[in-house]
Amino acid sequence: MAHKHSLETLNRTLKDIKNNDKLFGGTLLVLSGDFRQTLPVIPRSTYADEINACLKSSTLWRNVEKVQLKVNMRVQMLQDPSAETFSKQLLDIAKDGLTKNIVHAALRD
């Protein structure tokens with residue numbers, strides 16, 4: 001994940017270049033990613049430093065419109081039952097945590 005300062009710098013730069021005080025100089029910005037992935041890496045930092053560096057800690061975050069994709073189009077187009085199962089397992093892991101799902105899988109087998 002990118003450090004929040006990179007997005008804040010982009011905001012200031014676009015405002016300056018476009019001579020416009022709107023967010024990002026009035027430019028529509030589309031960000032994509034998975035916020036369940038790793039935090040920004042900061043050498044010799046504490047956990048608090050990493051949390052503070054993430055985009056969700058930025059003052060810009062309150063202006064972000066969050067949209068979630070609900071359908072895995074690759075799985076839907078392939079119509080492969082094993083791919084669908086794998087996709088659901090990934091979502092379950094993200095929702096419940098890895099260890100809980102390993103226990104459930106072990107109990108089913």
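Hi everyone, this is a short walk through one protein chain, its helices, its largest pocket and two residues in a loop.

Please keep in mind that we are looking at a predicted model. Let me begin with confidence. The protein chain has an average pLDDT of 82, and 86% of the residues score at least 70. That confidence varies along the chain: among the elements, α1 has the highest mean pLDDT, at 95, while helix α5, residues 98-108, has the lowest, at 54. If you have the structure open, please look at α5 with that value of 54 in mind.

Now the fold. There are five helices and zero strands in the protein chain, so to speak an α-α-α-α-α run when you read from the N terminus. Of the 109 residues, 17% are buried. As for contacts between residues at least 6 apart in sequence, 44% of them join residues at least 24 apart.

On to the pocket. How much space lies in the largest pocket? About 2,000 Å³. The lining is made of 49 residues, and the closest to the centre are Gly33, Asp34, Val67, Gln68 and Leu69. Three elements give two or more residues to this lining: α1 (4-18), α3 (73-78) and α4 (81-96). Of the lining, α4 supplies the largest share, with 11 residues. For those of you thinking about chemistry, the lining has 25 nonpolar residues, along with 12 polar and 12 charged ones.

And where does this pocket sit relative to the domains? Domain 1 covers 1-68 and domain 2 covers 69-108, and both give residues to the lining, so the largest pocket lies between them.

Let me finish with two residues in the loop between α1 and α2. Phenylalanine 24 is in that loop, and its phi is near 55°, a positive value in a residue other than glycine. Arginine 44 is found in the loop between α1 and α2 as well, and its phi is also positive, about 55°, although arginine 44 is not a glycine.

Is each of them buried or exposed? Phenylalanine 24 has 8% relative accessibility, and the cut-off for buried is under 20%, so phenylalanine 24 counts as buried. Arginine 44 has 85% relative accessibility, and exposed means over 50%, so arginine 44 counts as exposed.

That's my tour, and thanks for listening!

Definitions and conventions:
Residues are numbered from 1 along each chain as its sequence is written. This is a predicted model: local features need pLDDT of at least 70, side-chain atom pairs count only at pLDDT 80 or more; totals for chains, interfaces and linings use all residues. Side-chain values use heavy atoms; hydrogens and water are left out. On a 1 Å grid over the protein atoms alone, a cavity is a set of points where a 1.4 Å probe fits but cannot get out, and a pocket is an open set with protein on both sides within 12 Å along at least five of seven lines; lining residues have an atom within 4 Å of a point. Grid points are joined across faces, edges and corners, and a volume is the space filled by probe spheres set on the points. Helices (H or I, at least four residues) and strands (E, at least two) are DSSP runs, numbered from the N terminus. Ala, Val, Leu, Ile, Met, Phe, Trp, Tyr, Cys and Pro count as nonpolar, Asp, Glu, Lys and Arg as charged, and the others, Gly among them, as polar. Domain bounds come from an automatic or database domain assignment. pLDDT is the predictor's confidence in each residue, from 0 to 100. Buried means under 20% relative accessible area, exposed over 50%, partly exposed in between (1.4 Å probe, protein chains only). Contact means heavy atoms within 4.5 Å.
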